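Visitor: Hi, I'm new to this. Could you walk me through what's on my screen?
Guide: Sure, let's bring it up.

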Amino acid sequence: MTPVTATVRPAEAADLPKVLALWDDARSEAASIPDTEDALQTLTAHTPDALLVAELDGDVVGAVIAAWDGWRGNIYRLAVKRECRRLGIGLQLVNAGERHLSEKGVRRVTALVVTEELGAAALWKAAGYEQDSAVVRFVRNL
Ligand SMILES: CC(C)(COP(=O)(O)OP(=O)(O)OC[C@H]1O[C@@H](n2cnc3c(N)ncnc32)[C@H](O)[C@@H]1OP(=O)(O)O)[C@@H](O)C(=O)NCCC(=O)NCCS
């Protein structure tokens, strides 16, 4: 399909329900913590440009979290509306997230990708990321 150019910008309060609806539809079976408006308000209060949305014709069609923890960059919850996929919007969100992180001094970025989600892995490879087979993730919910 012909790529489109979305407007990628930091999310505003009015975008949060749309982002949650988008994530609900794209939610991975591996996700273990519910996504809530409270959590997004906490995120945007902490770092106003961490949650980015892609807007097309006035509609929020994609979102991503690009977060700097003071040491490294982490990208979470990349999702694009089903009817807008394969138009280049996922890559535009990743590129914008990287720009924001780079401006803060980030030199290395991690993206968590579920092994079975082959489309997601293909997107990260297309964005220039390599799978790090030397590292496994240890996790615990608090
Ligand atoms: C993964 C996702 C964000 C990709 O968004 P997108 O806007 O469709 O991606 P893009 O159009 O920017 O794709 C860029 C390139 O990535 C690769 N790619 C993206 N999706 C792909 C898929 N489903 N299968 C194979 N390759 C894919 C292709 O190389 C593509 O370029 P091409 O279309 O010219 O072949 C989207 O499919 C999505 O929201 N999926 C559900 C949630 C999810 O899995 N998120 C990722 C969490 S890590």
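**A chat about salt bridges and folds**

Guide: Let's start with a pair: Glu 55 and Arg 9 join their side chains in a salt bridge, 2.8 Å from N to O. A salt bridge here is a side-chain nitrogen of Lys or Arg within 4 Å of a carboxyl oxygen of Asp or Glu. This pair links distant parts of the chain, since Glu 55 is in strand 2 (residues 51-56) and Arg 9 in strand 1, 46 residues apart.

Visitor: Hang on, where does this model come from, and how are residues numbered?
Guide: The model is predicted, so local features need pLDDT of at least 70 and side-chain atom pairs count only at pLDDT 80 or more, while totals for chains, interfaces and linings use all residues. Residues are numbered from 1 along each chain as its sequence is written, and side-chain values use heavy atoms, with hydrogens and water left out.

Visitor: Okay. Is Arg 9 buried or exposed?
Guide: Arg 9 is buried, because its relative accessible area is 16%. Buried means under 20% relative accessible area, exposed means over 50%, and partly exposed is in between (1.4 Å probe, protein chains only). Its partner Glu 55 is partly exposed at 24%.

Visitor: What else does Arg 9 touch?
Guide: Not counting residues up to four places away in sequence, Arg 9 touches Asp 15, Leu 51, Leu 52, Val 53, Glu 55 and Val 60. Touching, or contact, means heavy atoms within 4.5 Å.

Visitor: And what about Val 8?
Guide: Val 8 sits in strand 1 (residues 7-10), and counts as partly exposed because its relative accessibility is 26%. The C-alpha atoms of Val 8 and Leu 52 are separated by 6.5 Å, although the two are 44 residues apart along the chain. Leaving aside neighbours within four places in sequence, the contacts of Val 8 include Leu 52, Gln 92 and Ala 96.

Visitor: Back to salt bridges. How many are there?
Guide: The count is seven. One of them joins Arg 82 and Asp 25, at 2.8 Å from N to O. Arg 82 lies in the loop between strand 4 (73-80) and helix 3 (89-103) and Asp 25 in helix 1 (residues 16-26), so this pair ties together parts 57 residues apart in sequence.

Visitor: Got another one?
Guide: Lys 104 forms one with Asp 49, with the closest N and O atoms 2.9 Å apart. Salt bridges that share partners also join Arg 9, Asp 15 and Glu 55 into one network.

Visitor: You keep saying helix and strand. How many of each are there?
Guide: The chain has four helices and five strands. These are DSSP runs numbered from the N terminus: helices are H or I with at least four residues, strands are E with at least two. Along the sequence, the pattern reads β-α-α-β-β-β-α-β-α.

Visitor: What's the overall size like?
Guide: The C-alpha trace spans about 40 × 35 × 30 Å along its principal axes. The radius of gyration is 15 Å, which agrees with the value near 14 Å for a compact globule of 142 residues. That radius is taken over C-alpha atoms, and the globule rule is 2.2 Å times the number of residues to the power 0.38.

Visitor: Last one: how much of the chain is buried?
Guide: Buried residues make up 34% of the 142 residues.
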